[in-house]
Amino acid sequence: MLINEIASNINAQIHCIEGNENIDITKAFTSDLMSDVLTIEDSDVVLITGLANIQTIRTADMADIRCIILGRNKHPSSEMLELAEDIGITVLVCPLTLFHISGILYNKGINPILIK
Amino acid sequence: MKFEYKVQGGNFSKAGYASSDLKKILKQLNVNPAIIKRVVVALYEAEVNIVAHAYNGTITIDIDDKQVRIVLEDQGPGIPSIEQAMQKGFSTASPHVREMGFGAGMGLPNIKKNADVMNITSKVNVGTTVEIINYI
């Protein structure tokens, strides 16, 4: 699913989309624990999180995640958006809870990550 | 090629700078993306450990045609029991570190998982040295 389609499905605002318009997101991972995010080996993953700080962006970069959804209306700081733009990570800001976002995307065919 | 980075304990806004920089360098060197991910995840966890637990530290990175060797040396409280620190779920992290999304006792196990070679030595009230080697 394209990031634009994800955003419209969950009524999210889009930040820093440039260059990521054609990424096909196939899986999602919901977590506020960045060490858990760093264990992901899959690609084309969207991260759904309520943790809005600079390490959310850094962690996504290390885990090769190109799109982050901030749930519960958590807003990114200007420092976060500057870094996201610099390294090419799209940030979606969504008013829904993490459970709600996860449920909508699961119903639309986004797959979970299977723990090995 | 040799690179050196200074890390300041407690400064979360800069945590991950060295890891991001190394990622760019390894990409430019056309290293296999799967190997790059292992290297930078291991370095990032170790870098966050310095920020979370130590007063300051130095990261030295040596890259040649066979391997990336990273040495992180910090001045800090040290680790009384490395065996205990290596156990998944064991952590002495502060509430502030947990608010940043870390401190769940996964850092050292995550480094070990992603490194081809990991060595750790520590002296209480002096500091900790972590060596990470990945073959490229």
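A salt bridge here is a side-chain nitrogen of Lys or Arg within 4 Å of a carboxyl oxygen of Asp or Glu. That is the yardstick for much of what follows, and keep in mind that this is a predicted model.

With that rule, a search of the whole structure turns up eight salt bridges over all chains. Here are some of them, with the N to O distance for each pair.

| Pair | Closest N to O distance |
|---|---|
| B:Glu131 and B:Arg69 | 2.7 Å |
| B:Asp116 and B:Arg38 | 3.0 Å |
| A:Asp61 and B:Lys23 | 3.0 Å |
| B:Lys113 and A:Glu41 | 3.6 Å |

Let's take the pairs inside chain B to begin with. B:Glu131 and B:Arg69 meet in a salt bridge, and that pair links distant parts of the chain: B:Glu131 sits in strand β5 and B:Arg69 in strand β3 (residues 67–75), 62 residues apart. B:Glu131 is buried, at 18% relative accessible area, while B:Arg69 counts as partly exposed at 31%.

B:Asp116 and B:Arg38 also pair up. They bring together the loop between α5 and β4 of chain B and helix α2 (residues 33–53) of chain B, 78 residues apart. B:Asp116 is partly exposed at 36% relative accessibility, and B:Arg38 is partly exposed at 28%.

While we're in chain B: β4 (residues 117–123) and β5 (residues 127–135) run antiparallel, joined by seven bridges. One bridge pairs B:Ile120 with B:Val130. The two strands make a hairpin with three residues between them, and B:Asn125 in the turn has a positive phi of about 70°.

Now for the interface. Contacts involve 22 residues of chain A and 22 residues of chain B, and the buried area is about 1900 Å², with carbon and sulfur atoms giving 51% of it. There are 14 residue pairs in polar contact between the chains. On the chain A side, α2 (34–37), α3 (54–62) and α4 (78–87) each supply at least two residues, and α3(A) gives the most, with six. That side of chain A divides into eight nonpolar, five polar and nine charged residues.

Three salt bridges cross between chain A and chain B. B:Lys113 lies in helix α5 (residues 107–114) of chain B and A:Glu41 in the loop between α2 and β3 (45–49) of chain A, so this pair joins two chains. B:Lys113 itself is partly exposed, at 39% relative accessibility.

Terms used:
Residues are numbered from 1 along each chain as its sequence is written. Chains are lettered from A and ligands numbered from 1 in the order in which they are written. This is a predicted model: local features need pLDDT of at least 70, side-chain atom pairs count only at pLDDT 80 or more; totals for chains, interfaces and linings use all residues. Side-chain values use heavy atoms; hydrogens and water are left out. Contact means heavy atoms within 4.5 Å. Buried area is the accessible area (1.4 Å probe) that two parts lose on being put together, summed over both. A polar contact is a pair of N or O atoms within 3.5 Å; within protein, one must be able to donate a hydrogen and the other to accept it, and residues adjacent in sequence count only if both atoms are side-chain atoms. Helices (H or I, at least four residues) and strands (E, at least two) are DSSP runs, numbered from the N terminus. Ala, Val, Leu, Ile, Met, Phe, Trp, Tyr, Cys and Pro count as nonpolar, Asp, Glu, Lys and Arg as charged, and the others, Gly among them, as polar. Two strands pair if DSSP finds at least two bridges between them. Buried means under 20% relative accessible area, exposed over 50%, partly exposed in between (1.4 Å probe, protein chains only).
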